[in-house]
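I opened the model to look up a hairpin, a helix pair, some salt bridges and a loop residue. My notes are below.

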Amino acid sequence: MSKIRKKLLDTLRNYGIDGTELKWFENYLSNRSQRTKFNGATSDAKSIDIGVPQGAKLASELFLLYINNINSCMKHSKVILFADDTLLYIGGKDIRETVQKLNEDLSRMNLWLQAHKLKINVSKTRYMIFGNVKNADLDDACVVIDGTEIQRVREIKYLGFILDDRLNMKSHVEYISKKIAKKIGFMARISRMLPMAQRILIYKSIVAPHFEYCPSIVFQCGKNEISRLQKLQNRAMRIIIRCKKTTRVESMLEALCFLNVQQRIIYQTMIFVYRLKHKLLPTSMTEMVTYIGESHEYPVRNANDFRLAATNKQSTKRTVFHEGLQMFNDLPKNIKSENNFTTYKRLLIQHN
């Protein structure tokens with residue numbers, strides 16, 4: 001067995017897989033071969049001593065376990081993994097020093113990947129700088145991987161969300177508005193052939209999820225962006241109900257028992273905060289919040305409310321970790337103290 005597969009088996013052992021189960025994996029990975037078929041011709045079988053069986057159900061899980069400790073090679077940065085999509089992030093006050101630290105970590109990561117017979121796709125790798133940075137400071141901001149300079153971008157699509165270096169929601173709303181408009185057009189074309197219940201089902205299946213994707217980020221949208229999304233929801237509701245353009249939005253929402261876009265985003269955000277409070281989210285998130293009772297040695301009435309960090313930045317105040325936590329604190333006591341998730345959601349909808 002190759003050193004790489006032995007490394008994978010060592011990784012599995014570190015996760016507590018041993019004995020008969022480990023031997024099963026060793027047998028599963030050993031004596032593997034593959035062929036290539038092209039234009040009707042099939043190559044001879046060739047032994048492979050790295051990787052996992054292509055198309056196997058265990059392939060993705062084994063890969064994730066194999067790279068899960070990539071953070072161990074980082075000194076300054078943090079790594080976020082989603083399948084084979086890897087994101088590094090680092091913060092700092094001095095852009096030159098921060099870029100230097102990032103380059104150090106990229107060099108470490110490159111060595112780690114080489115040792116594991118993996119490789120970064122440099123041609124698809126980009127970097128962004130968030131915050132107010134002077135152009136003069138950017139002259140020396142050169143990010144490099146294995147001798148190749150990485151392109152800086154002002155916005156990028158990551159896991160279906162458009163991020164820009166100002167954390168502005170305009171680009172993302174523009175992106176999802178086009179997708180929503182196309183699907184509403186599809187609804188309009190088939191609506192005459194379907195009863196109302198089916199039209200509602202299609203809306204909830206292919207349109208509504210766009211309004212609710214990443215609500216804790218979309219929560220920061222301004223009035224213009226929310227208005228644009230609301231107009232799309234209005235158009236969809238008119239198709240469902242088959243009513244005139246002069247029909248009041250409130251009447252359509254009431255008839256369909258829908259929340260408007262703003263209410264839906266707040267509803268989903270309050271669900272996020274509920275999960276945050278009950279430690280149903282990753283530790284990296286739950287550790288970001290503190291409670292009023294933790295700063296008092298004596299009992300206080302609002303001890304279980306979130307303690308908000310003092311800030312003068314409007315961009316910080318609009319985030320879920322500030323304004324969102326404040327909204328949760330402002331909920332009636334019977335809602336924010338509710339421990340049953342189903343009951344909490346029902347009370348939340350009634351409150352909206």
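The entries follow in the order in which I looked things up.

**Entry 1: status of the model**

I note at the start that this is a predicted model.

**Entry 2: the hairpin**

I looked up strand S5, residues 78-82, and strand S6, residues 85-89. The two strands pair in the antiparallel sense, and I recorded five bridges between them. For the register I took lysine 78, which stands opposite tyrosine 89 in S6. S5 and S6 form a hairpin, with two residues between the strands. I then checked the turn, where alanine 83 has a positive phi of about 55°.

**Entry 3: helix H6 against helix H9**

At what angle do H6 and H9 pack? I found about 5° for helix H6 (residues 170-190) and helix H9 (residues 223-241), with the axes 10 Å apart. Angles under 35 degrees count as roughly parallel, and H6 and H9 are therefore roughly parallel to each other.

I listed the contact next. On the H6 side, the residues include Val173, Ile176, Ile180, Ile184 and Met187. On the H9 side, they include Leu229, Leu232, Ala236, Ile239 and Ile240. Charged residues take part too, among them Lys170 and Glu174 in H6 and Glu225, Arg228 and Arg235 in H9. By class, I noted twelve nonpolar, two polar and five charged residues in the contact of H6 with H9.

**Entry 4: a salt bridge across the helix pair**

Glutamate 174 forms a salt bridge with arginine 228, and the closest N and O atoms are 2.6 Å apart. Glutamate 174 belongs to helix H6 and arginine 228 to helix H9, so the pair ties together parts that are 54 residues apart in sequence. I looked up the accessibility of both partners. Glutamate 174 is partly exposed at 31% relative accessibility, and arginine 228 is partly exposed at 35%.

**Entry 5: other salt bridges**

How many salt bridges does the structure hold? I recorded ten.

One of them joins the side chains of arginine 152 and aspartate 165, at 3.8 Å from N to O. This pair links distant parts of the chain, 13 residues apart. Arginine 152 is in strand S10 (residues 151-152), and aspartate 165 is in the loop between strand S12 (161-164) and H6. Is aspartate 165 buried or exposed? I found aspartate 165 buried, with a relative accessible area of 6%. The cut-off for buried is under 20%, so arginine 152, at 27% relative accessibility, counts as partly exposed.

I also looked up arginine 248, which forms a salt bridge with glutamate 250; the closest N and O atoms of this pair are 3.6 Å apart. Arginine 248 counts as exposed at 52% relative accessibility, while glutamate 250 is partly exposed with a relative accessible area of 46%. Last in this entry, I noted that salt bridges with shared partners join Arg152, Arg154 and Asp165 into one network.

**Entry 6: leucine 280**

Where does leucine 280 lie? I placed leucine 280 in the loop between helix H11 (261-277) and helix H12 (283-286). Leucine 280 is exposed, with a relative accessible area of 56%. Leaving aside neighbours within four places in sequence, I found leucine 280 in contact with Tyr274 and Arg275. I also took the distance to lysine 245: leucine 280 and lysine 245 are 35 residues apart in sequence and 43 Å apart in space, C-alpha to C-alpha.

How values were computed
Residues numbered from 1 in each chain as written. Predicted model: local features only at pLDDT ≥ 70, side-chain atom pairs only at ≥ 80, totals over all residues. Heavy atoms only, no water. Pairing = 2+ DSSP bridges. Helix = DSSP H or I, 4+ residues; strand = E, 2+ residues; numbered from the N terminus. Axes fitted to C-alpha atoms, helices over the stretch in contact; angles between N-to-C directions. Parallel < 35°, antiparallel > 145°, perpendicular 65-115°, else oblique. Contact = heavy atoms within 4.5 Å. Nonpolar A, V, L, I, M, F, W, Y, C, P; charged D, E, K, R; others polar. Salt bridge = Lys/Arg side-chain N within 4 Å of Asp/Glu carboxyl O. Buried < 20%, exposed > 50% of the residue type's maximum accessible area, 1.4 Å probe, protein only.
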